[in-house]
Amino acid sequence: MRLSTRIAVAVGVTVPPLVLAAGLLLLGLVTKDLHRQQDVQLSARAAAVTPDARALLRAAASGRPPSVEHARERRLFAAALDVGVRLTGPAGTVTVGGPQPGASVSLPPNATAPVTVRAADGASWRVLAVPVSVNRPAMDGTLWLFSPDTASQALIRLVRGRVVTVALLAAPLAGAVGWAAAAGTARPLRRLQRRTSGLDPRTSATRLDHTPTGIAEVDDLARTISTVLARYDQQAGRTAEALEVARSFSAAASHELRTPLMSMRTNLDILTEHPDLADPDRTEVLEDLRREHTRLLGLLVMLRALARGDLVEADAFGPVDLAEVVDASVADLRRRHPDAEVTVAGSPGLRTHGWEQGLRSAVDNLLANACTHGRYEDKAPRIEVTLGQDGQDAVLTVDDRGPGVPPDRREAVFQRFHRGPDSPGSGLGLTLVAQQITLHQGRITVLDRPDGRRGARFEVRLPTRADHTLPPPRRDWLSAPGTSQGFHKDG
């Protein structure tokens, strides 16, 4: 059923009871007003005829001649005009004149205020009783005044009939008016329905083009539909990106894991086919196996970290205390490499808007790189970590005492699977660092040590006032063909 039809039915059903209720209220008010007018008239007549009733009662009590009593009665009836009167004396004597109910109609014992009585034939009367007393001789009586309620009842019946008529006419009329009004009001809604019925975000890039109608509900609904479609597109993009990352992960893993796996298979074959292998050769094969196993684990860990960095969402970002991140990474490095000499100079409370887990991974890999490549002549690695602020950038530097990085190779160190000839790493550590710095809208630079000593400096700049509304940049560090993906590199 259409909305306009529903509204028409609702209006057609609702209006008649409301009209009837209003009519009943009007009927009650009219009845009350009519009774009030009758009561005023009865009270006025009572005030006018009471002296005549008292004179008639005194004449009857004094034993005056009948002619005198008749004269008093005529005077009483004349003063009553169109109101019926009945005067009852102490001995049950009754004087009756004018319109009034029959003697069989019982009167209320106390009617000092006007009341309604009904006769057997259905006629109703307004009745008022006034006590009448004389002193000499002492006598009490009651003067009753009657006013027919016929005119009031006729008027009330007329009003009741018209109320019912209006209610019966109001049902179809209100339904028709309600349908017409609802049809006009729902027209923008129908237009919106026709425009949205053809939208299929799975097969078409067409989206809702809505012009504000000035009807708040319709415009709100259009905005909601546009928001839902935008979220669908966003989610579809994320799904496609996740699928691409999964495919890239599988391709990279299968390609890069093949070499260590084949090497391990060869060593296992040697151990199987030569059970009497000399101890030095056997130790060499086992050491090679252990090394390939370590590399295998490192590759898997790094590939997983790169995949997580590619899929992280903006809602994972928040305020990050960089000093706490650096302290935690340094403490972890000292536990894993107790021989390393690490000094830290930092600014506590320096914060940025970022993904804490990703920043921690970046700092861990920077320190691991310095620990691995920052040795000089097999001495213990010496690493100097500094955290400071330059303008609106947080600046993290990691200095080592290794051979340094030649200028022509400083960009290549961030490329995927780039490894030095003697590097025990996976070739993904600095790629992961570059990924995270790009993700945080920062930049990383490879420099010489500023004090002129041997070694390299990795300088990371992160904005402390990043635009939180920007989505993370597009990430495809797993699928990119060995490139640093546009992050800023100097030196």
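**Exercise 1. Find where Leu81 sits and say what stands out about its backbone.**

Start with the location: Leu81 is in the loop that links helix H2 (66–80) to strand E1 (84–88). Helices (H or I, at least four residues) and strands (E, at least two) are DSSP runs, numbered from the N terminus. Next, the backbone: Leu81 isn't a glycine, yet its phi is positive, about 55°. For context, most residues other than glycine have a negative phi. Last, the cover: Leu81 counts as exposed because its relative accessible area is 59% (buried is under 20%, exposed over 50%, partly exposed in between, with a 1.4 Å probe and protein chains only).

A quick note on the ground rules: this is a predicted model, where local features need pLDDT of at least 70, side-chain atom pairs count only at pLDDT 80 or more, and totals for chains, interfaces and linings use all residues. Residues are numbered from 1 along each chain as its sequence is written, and side-chain values use heavy atoms, leaving out hydrogens and water.

**Exercise 2. Run the same check on Gln441.**

Look between H8 and E11: Gln441 is in that loop. Its phi is positive too, near 60°, in a residue other than glycine. Gln441 has a relative accessible area of 38%, so it is partly exposed.

**Exercise 3. Which residues touch the most other members of the largest nonpolar core?**

Take the core as a set of buried Ala, Val, Leu, Ile, Met, Phe, Trp, Tyr and Cys residues joined through side-chain atoms within 4.5 Å. Among its 36 residues, the winners are Leu366 and Ile383. Now see who supplies it: helix H7 (356–373) and strand E9 (382–390) are among the elements that each give at least two residues. H7 gives the most, with 7 residues. Then zoom in on Leu366: skipping residues up to four places away in sequence, its contacts (heavy atoms within 4.5 Å) include Leu396, Val398, Phe458 and Val460.

**Exercise 4. How does the radius of gyration of the protein chain stand against that of a compact globule?**

First, the rule: the radius is taken over C-alpha atoms, and the globule value is 2.2 Å times the number of residues to the power 0.38. For 491 residues a compact globule would come out near 23 Å, but the protein chain has 53 Å. Then check the principal axes: the C-alpha trace spans about 165 × 55 × 50 Å. Finally, count the cover: 40% of the 491 residues are buried.
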